[in-house]
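Colleague: I should like to learn how burial and helix packing are read from a model. Please take one feature at a time.

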Amino acid sequence: MIDSHCHLDHEPLYDNIKDVIIRSKKIGIDKLLTISTSIKSYKNVLNIIKMDPMIYGTVGIHPHESKDNKISSNFLAIECKNNDKIIGIGETGLDYFYKNSNKVDQIKSFNIHAEAATNSNYPLIIHSREAEDDTLNVLNNYRNKNLKPLMHCFTGSKEFARKLIDIGSYFS
């Protein structure tokens, strides 16, 4: 069994990481994928993935963090290529429910992540809450460019889900 989306760098998991690993193994989890949400988070993820062979990570900026965490497509792609245990880009996307950052910052960050995922051939882990039209607009820009979208946070309609499936999205 694989936990395909956890945040081992968040409390209370981070302070109890050794216990989390032991408990995971006891219940039959073979792999943990810890998801980056900010620059600080990514630095912690880099340390966490060294703790046990079962732990892998991603590099990315959560939509709530997009205002204060500026990155480039090149940075994301290089981080993936430089570390065998970084296996995806994200968590990225759009979240208009919470007003933590503005739409312009979120869309710009989402596009940077999508470009990096397309150019580096890594999956893109997407958070989409109350942002159906803008999420589709961004993803449609990369429709025929080998993008591998994985919808993580999904609060959309069946119609939205069908459109995402039509562009090759997976859901976790």
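Modeller: Let us begin with a helix and its cover: β5 (123-129), α5 (132-140), β6 (148-154) and β7 (170-171) are among the elements that cover the buried residues of α6. Please bear in mind throughout that the model is predicted.

Colleague: Which residues of helix α6 are buried?

Modeller: Helix α6 spans residues 158-166, and its buried residues are Phe160, Ala161 and Leu164. Their directions around the axis take up an arc of only 100 degrees, so they lie on the same side of α6. The other side of α6 carries the exposed residues Lys158, Arg162, Ile165 and Asp166.

Colleague: What is the phi of Gly168, just after α6?

Modeller: Gly168 adopts a positive phi, of about 95 degrees.

Colleague: Let us turn to pairs of helices. What describes two packed helices?

Modeller: The description consists of the angle between the two axes and the distance between the axes. In the present case, the axes of α4 and α5 are 10 Å apart, and the packing angle is about 30 degrees. The crossing of these two helices is right-handed. Ile107, Phe110 and Asn111 form the α4 part of the contact, while Asp134, Thr135, Val138 and Leu139 form the α5 part. Sorted by class, this contact of α4 with α5 has 4 nonpolar, 2 polar and 1 charged residues.

Colleague: At what angle do the axes of α3 and α4 cross?

Modeller: The axes of helix α3 (residues 73-81) and α4 cross at roughly 45 degrees and come within 8 Å. An angle of that kind is why α3 is called oblique to α4. The crossing of α3 and α4 is right-handed. From α3, Ser73, Leu76, Ala77 and Lys81 take part, and they meet Ile112, His113, Glu115, Ala116, Asn119 and Ser120 of α4. By class, this contact of α3 with α4 comprises 4 nonpolar, 4 polar and 2 charged residues.

Colleague: I should now like to consider single residues. Is Ser109 buried or exposed?

Modeller: One reads the relative accessibility and compares it with a cut-off, which for burial is under 20%. Ser109 has a relative accessibility of 8%, and therefore counts as buried. Ser109 belongs to helix α4 (residues 103-120). Apart from residues up to four places away in sequence, Ser109 touches Ile61, Ser66 and Thr92.

Colleague: Where does Ser38 lie?

Modeller: Ser38 is placed in the loop between β2 (31-34) and α2 (39-48). With a relative accessible area of 11%, Ser38 is buried. Its contacts, neighbours within four places in sequence set aside, are Gly60, Ile61, Glu65 and Asn69.

Colleague: What does the same reading give for a strand residue such as Ile55?

Modeller: Ile55 lies in strand β3 (residues 55-59). The relative accessibility of Ile55 is 0%, so Ile55 counts as buried. With neighbours within four places in sequence left aside, Ile55 is in contact with Leu8, Ile21, Leu32, Thr34, Ile48, Ile49 and Lys85. One may also set sequence beside space: Ile55 and Asp30 are 25 residues apart in sequence, with 8.8 Å from C-alpha to C-alpha.

Colleague: Is Asn144 buried or exposed?

Modeller: Asn144 has a relative accessibility of 74%, which means that Asn144 counts as exposed. Its place is the loop between α5 and β6. From C-alpha to C-alpha, Asn144 and Ile2 are 29 Å apart in space, and in sequence the two are 142 residues apart.

Definitions and conventions:
Residues are numbered from 1 along each chain as its sequence is written. This is a predicted model: local features need pLDDT of at least 70, side-chain atom pairs count only at pLDDT 80 or more; totals for chains, interfaces and linings use all residues. Side-chain values use heavy atoms; hydrogens and water are left out. Helices (H or I, at least four residues) and strands (E, at least two) are DSSP runs, numbered from the N terminus. Buried means under 20% relative accessible area, exposed over 50%, partly exposed in between (1.4 Å probe, protein chains only). Contact means heavy atoms within 4.5 Å. The arc is that of the directions from the helix axis to the C-beta atoms. Axes are lines fitted to C-alpha atoms, for helices over the stretch in contact, and angles run from 0 to 180 degrees between N-to-C directions. A crossing is left-handed if the near helix is turned anticlockwise from the far one by less than a right angle, and right-handed if clockwise. Ala, Val, Leu, Ile, Met, Phe, Trp, Tyr, Cys and Pro count as nonpolar, Asp, Glu, Lys and Arg as charged, and the others, Gly among them, as polar. Angles under 35 degrees count as roughly parallel, over 145 as roughly antiparallel, 65 to 115 as roughly perpendicular and the rest as oblique.
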